[in-house]
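Reader: Here is a structure I have not met before. Please walk me through its hollow spaces.

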Amino acid sequence: MSSIAFDFGNSYAVASVPRARGVDLVLSDTSNRLIPSCVSYTSERRFMGDMGIGQRTSNRRACFFNLPMLLNEDFGSHAVQRVVSLGAEFVLTEDPSTHKAYGKVFYGGQEHHISTENMTTAILGKVRDFANSMDNVSLSDFVVGCPGNWNHSKRAALRASCEALGLTCNGVVTQHMAAAVTYYVKRNAEFRAMSPENQGIHLGILSIGELQSFFSILRIHKTGIQCVFAEYDDTVGAADFDKILYNLVCEQIKAKFRQISPEELRSGKNFTKIMKACNAAKKVLSINSKAPVHIECLGDAQIDVNCMVTAQEFEELSFKSGLMNKLEAMITKGLQVVKGIDNVEAFELIGGASRMQSIRTLSERLFTAEKITKRLNPDECIVVGLGWIAAIRSPRQKVAFSIEMVDIISNIQGPISLDILHRETMSSIYQTPLKVFQHDDVYPCSRKVSKTLSPGEYIIRLVDVSTGTTHEESVITVAPRNIAQFNEFSPEELAKHSISLDTTDVTVSLKMTCDTEGFFHFTQLRRTDPIVRVKKVLREQPNPKWTEEIEAQEVEKEKAAETQYTSEVAQHEAKLKELNDALASAADTEKDAVTKEIADHKAKAPKKQIVIRTPKTVQVPVEEKEVATEIVNIDRQVLLNIGDTTALAKQLEEFEKCCKDIDRKALRYEHARNTFESLVYDTRNDMDWGKFAEFTTEEDKKKIIPHLDEHSAFINTIEGPHQTAEIEERIQKLEDEIRFLYERKESHDSADLRLMSLRNSVDSLLEKWPANGTNNEARDKLMVLYKECEKAVQQASKHELAPLALFENIDQRLAEFEKALQAKAESAKPSATSNAAPKEDDKSK
């Protein structure tokens with residue numbers, strides 16, 4: 001199983017797959033790393049990628065592009081208006097219930113309302129199919145990149161579009177963080193060699209995308225990356241610089257070609273042609289001082305236009321347009337955060353439009369030339385970084401290092417606030433919602449809030465104050481506190497533990513998290529309650545079995561035992577002394593016996609009798625109650641979670657299956673119709689002068705040509721995919737009708753091949769066993785066999801099957817001839833030896 005990383009851009013969708021030796025980029029069916037983010041809907045089927053962008057002119061009303069900008073946007077939003085202002089002619093309609101923009105197309109024989117999420121799923125599904133076609137790749141999970149200023153609805157829509165492909169999400173990562181990861185990997189050894197005290201370096205990244213730009217500053221240190229500043233601008237992009245060239249080219253066209261009106265230049269098809277030519281000229285101007293602009297068939301008069309633009313004029317207009325001022329303002333704001341350019345070690349330019357001379361001029365003016373490095377590939381650094389993140393987060397990939405990523409919250413304008421409402425009255429317990437997350441806070445992070453709530457049901461919300469967007473809404477039930485359990489305690493004991501019997505309020509603790517993808521949600525809800533806990537302890541109590549009389553008796557027993565013990569010890573010692581004296585005076589032969597007697601006597605030493613006393617008190621287990629604190633989780637019912645994409649992903653998956661069925665039927669219809677047309681046309685030509693000409697009789701033509709005429713008439717009346725089964729049936733019928741022609745041709749071709757093989761075998765045998773006088777008859781028979789076969793093949797009629805029965809046992813007959821030739825050769829060897837002996841004698845004489 002493998003992982004995939006998607007970089008879904010406004011112009012191109014790029015993907016990478018982590019492999020054993022690094023990260024490989026996914027190639028399209030045309031071996032292109034940059035796959036256009038375009039999907040075109042026709043009445044038959046969809047076209048994605050390179051095939052989709054090819055219909056941008058011919059199918060302008062249903063060819064959708066710039067989808068990341070349109071994803072999950074309201075119909076009247078700035079993003080939709082910006083795409084339309086740059087020449088988009090596809091039809092967008094407003095959903096009356098959600099106010100979202102969706103495409104209205106005639107597709108698969110009926111009208112469809114297709115959301116931007118469905119279009120995104122279609123393109124990314126095509127990229128996934130390209131990845132699955134790679135060697136040893138079977139995708140299971142993904143990481144996807146997005147701009148840092150995307151709101152949470154757009155991020156959730158993008159994640160759901162990827163999950164609809166049957167993949168598991170391993171993270172939604174911002175573009176500036178992905179580019180920084182690529183930079184970290186490039187200098188991996190250098191960063192890992194840093195000491196823990198080293199604060200690392202600051203890296204500046206300026207990106208110029210198709211419709212969007214961003215500038216970010218990141219601190220890269222030993223263990224990872226931390227974003228310090230990130231700002232995105234949706235009003236500056238490569239398309240805006242194309243628009244500058246468009247205006248410049250239009251002025252030249254108006255001056256040279258008066259028959260082309262200004263209205264024609266602004267019309268959809270002509271606008272697309274000019275913008276495409278300007279985009280090509282912009283790329284030329286990045287390395288040249290001037291660039292030609294060639295446009296074919298412009299306007300109603302279909303005039304071929306040729307003009308020239310210069311890099312100097314383009315750069316001057318770029319600065320006058322105000323676009324460069326916006327970029328400079330972003331960079332200046334970021335440098336103020338790190339307190340000057342001196343604190344930034346390196347500066348990288350990424351994005352296709354970053355190669356423009358005006359961008360280089362601006363960067364060299366704000367940064368020194370030494371600080372502008374070129375370690376990153378402008379087109380691929382983001383997707384490569386996403387690939388490394390996918391490898392690090394995948395349990396199946398083994399990466400020698402890990403990267404801690406701390407990003408900055410840059411996609412909210414106001415704070416994210418906590419609001420708690422009574423469910424019955426819908427009144428908030430706060431006068432103003434409590435702010436928990438702020439713009440420019442770093443994430444992942446968590447916040448904890450404690451609040452005393454009275455019993456009842458509550459709605460807890462995380463709300464973006466600036467937009468009113470609810471990130472999560474849940475219902476919790478706060479049960480009343482058990483007060484009856486404290487009735488046995490005195491007021492002093494209750495006061496000692498701050499317990500009041502007049503209220504049943506509960507202290508509730510809420511933990512909120514901004515996760516690694518930037519989504520806000522509740523992660524933990526707990527309540528803290530004082531409880532009465534019963535425990536068993538041992539306490540001393542008077543022993544009921546003890547009395548003074550028993551105590552006096554036990555004392556008397558102890559005294560008697562002590563007296564008896566003292567007497568027995570004295571007797572024992574006396575006896576022992578007597579034995580020791582006997583040992584000292586005993587003869588050598590008697591000492592062993594005396595020693596043994598002494599040992600036996602010591603073993604019989606007296607023992608003191610122990611009297612067990614009855615204790616006055618005993619320890620008895622007793623149950624005692626104490627006040628303790630209990631922390632318990634609170635169950636919550638989630639009503640709304642903006643980061644939960646399960647339902648949306650399932651909906652997108654179902655629609656994608658329907659679209660694939662439509663595409664599959666359309667492809668089947670196209671294949672059947674093309675096959676049928678080719679079969680009818682080729683059969684007629686092959687019978688007249690093609691491969692079947694010599695195998696076809698006039699009677700065969702009279703039999704087949706009327707059927708071909710009928711099929712040709714049917715082809716002219718074909719209406720659509722609903723006739724696919726009939727077309728396939730006719731194909732089968734026609735193939736059955738002309739099968740005898742194939743059989744004739746194949747039989748004669750096979751006979752020619754077998755005859756050629758027989759000729760080679762005969763020549764080989766004749767060469768291996770040359771004539772020696774004894775094998776001439778066998779050689780002649782072999783040649784006769786070949787001549788017979790050759791004559792039969794040449795005289796066979798082309799209007800009938802070739803006589804292949806001649807070659808059925810040919811291998812066996814050749815083997816017999818070879819044995820005969822070998823036997824003749826071996827029998828000739830003795831005679832040759834006997835004839836050679838006299839000659840040897842003559843030589844010796």
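**Cavity and pocket**

Author: The largest cavity has a volume of about 50 Å³. This is a predicted model: local features need pLDDT of at least 70, side-chain atom pairs count only at pLDDT 80 or more, and totals for chains, interfaces and linings use all residues. Residues are numbered from 1 along each chain as its sequence is written, and side-chain values use heavy atoms, with hydrogens and water left out.

Reader: What makes a space a cavity, and what makes it a pocket?

Author: On a 1 Å grid over the protein atoms alone, a 1.4 Å probe fits in a cavity but cannot get out, while a pocket is an open set with protein on both sides within 12 Å along at least five of seven lines. Lining residues have an atom within 4 Å of a point. Points join across faces, edges and corners, and the volume is the space filled by probe spheres set on them. The whole structure has four cavities of 30 Å³ or more.

Reader: Which residues line the largest cavity?

Author: They are Lys282, Leu285, Ser286, Ala311, Phe314, Glu315, Met356, Gln357 and Ser358.

Reader: Why is the second largest pocket said to lie between two domains?

Author: Domain 1 (2-236 + 326-406) and domain 5 (645-822) both give residues to its lining, so the pocket lies between them. Domain bounds come from an automatic or database assignment. The pocket holds about 440 Å³ of space. It is lined by 18 residues; Thr98, Ser115, Glu117, Leu648 and Gln651 lie nearest its centre.
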